[in-house]
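Visitor: Please take me through the aromatic rings in this model, close up. Then place them in the rest of the chain.

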Amino acid sequence: MKWKALAAAMLVLFPGSACAFDSPGPRQMFRQMDRNGDRALQFSEIAEARARFFDSMDRNGNGFLDPEEKKAAAARLKDAGRFQAASLEGLEARAERMDANGDGRISREEFARFVPDRLRGADADGNRSLSLSELRALRR
């Protein structure tokens with residue numbers, strides 16, 4: 001398997017094309033996300049992983065990403081070298097799309113349910129699951 005391709009694909013699982021701040025390698029991350037071991041990522045498995053990622057960003061533990069927490073997450077990603085300035089601007093746009101009720105905060109449920117357009121588009125067969133070949137195609 002081309003793990004570089006998988007690593008690139010994993011980066012699109014989260015808003016702004018970012019993985020967890022102190023994430024494991026792509027192989028380990030894929031195995032952790034693939035709960036049923038079928039070598040594909042169901043959108044439900046992606047939602048579970050996104051919920052865990054949300055928990056790492058929800059610093060005050062109130063179940064919402066408040067504007068301050070969104071800014072802090074963006075700053076941490078920038079400091080970690082995950083984004084260029086142009087990508088940081090895209091984070092806010094994605095955050096607005098996740099905020100389904102428009103209250104200025106992103107709930108854990110809103111965050112977990114959100115599937116980035118790039119992932120939806122990669123689901124070539126429409127089965128709400130991403131096979132390894134579909135994940136590899138994301139890199140192209």
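Guide: With ring centres within 6.5 Å as the criterion, the count comes to two aromatic pairs. Take Phe53 and Phe111 to begin with. This pair is tilted, with 6.0 Å from centre to centre and 35° between the planes. The link spans distant parts of the chain: Phe53 belongs to helix H3 (residues 43-57), Phe111 to helix H6 (residues 108-113), and 58 residues separate them. Keep in mind that this is a predicted model.

How exposed or buried are these two rings' residues? The cut-off for buried is under 20% relative accessible area. Phe53 has 5%, so Phe53 is buried. Phe111 has 1%, so Phe111 is buried too.

The other pair is Phe54 with Phe111. It is also tilted: the centres are 5.8 Å apart and the planes meet at 55°. Phe54 sits in helix H3 and Phe111 in helix H6, so this pair ties together parts 57 residues apart in sequence. Phe54 is buried, as is Phe111. Put the pairs together and Phe53, Phe54 and Phe111 form a cluster linked by ring pairs.

A charge joins the picture. The charged end of Arg50 sits over the ring of Phe111, at 4.3 Å from the ring centre. So Phe111 deserves a look from several sides: it pairs with Phe53, it pairs with Phe54, and its ring has Arg50 over it. Another ring carries a charge as well. Arg105 lies over the face of Phe64, 3.6 Å from the ring centre.

Now step back to the whole chain. The protein has eight helices and four strands. From the N terminus, the order of elements is α-α-β-α-β-α-α-β-α-α-β-α. There are 140 residues, and buried ones make up 42% of them. Take the contacts with a sequence separation of 6 or more: 57% of these join residues 24 or more positions apart. The accessible surface comes to about 7,700 Å², and carbon and sulfur atoms hold 48% of that area.

Two other helices show how buried residues are arranged. In helix H2 (residues 26-33), Met29, Phe30 and Met33 are buried. Seen down the H2 axis, the buried residues fall within an arc of 100°, so they line one face of the helix. In H8, the buried residues are Leu132, Glu134, Leu135 and Leu138. Down the axis of H8 their arc is 165°, so here too the buried residues line one face.

Glu134 stands in that H8 list beside leucines, and it merits its own close look. It lies in helix H8 (residues 132-139). Its relative accessibility is 8%; with the cut-off for buried at under 20%, Glu134 therefore counts as buried. What does Glu134 touch, neighbours within four places in sequence aside? The contacts are Ala122, Asp123, Ala124, Asp125 and Ser129. One of these partners also takes part in a polar approach: the side chain of Glu134 reaches the backbone nitrogen of Asp125 at 3.4 Å. A farther stretch of sequence comes in as well. Ala40 is 94 residues from Glu134 along the chain, yet the C-alpha atoms are 9.0 Å apart in space.

Notes
Residues numbered from 1 in each chain as written. Predicted model: local features only at pLDDT ≥ 70, side-chain atom pairs only at ≥ 80, totals over all residues. Heavy atoms only, no water. Helix = DSSP H or I, 4+ residues; strand = E, 2+ residues; numbered from the N terminus. Buried < 20%, exposed > 50% of the residue type's maximum accessible area, 1.4 Å probe, protein only. Contact = heavy atoms within 4.5 Å. Polar contact = N/O pair within 3.5 Å; in protein donor to acceptor, adjacent residues only side chain to side chain. Areas by Shrake-Rupley, 256 points an atom, 1.4 Å probe, with all protein chains shown as cover. Arc of directions from axis to C-beta. Phe/Tyr/Trp six-rings, centres within 6.5 Å; stacked < 30°, edge-to-face > 60°. Lys NZ or Arg CZ within 6 Å of the ring centre and 35° of its normal.
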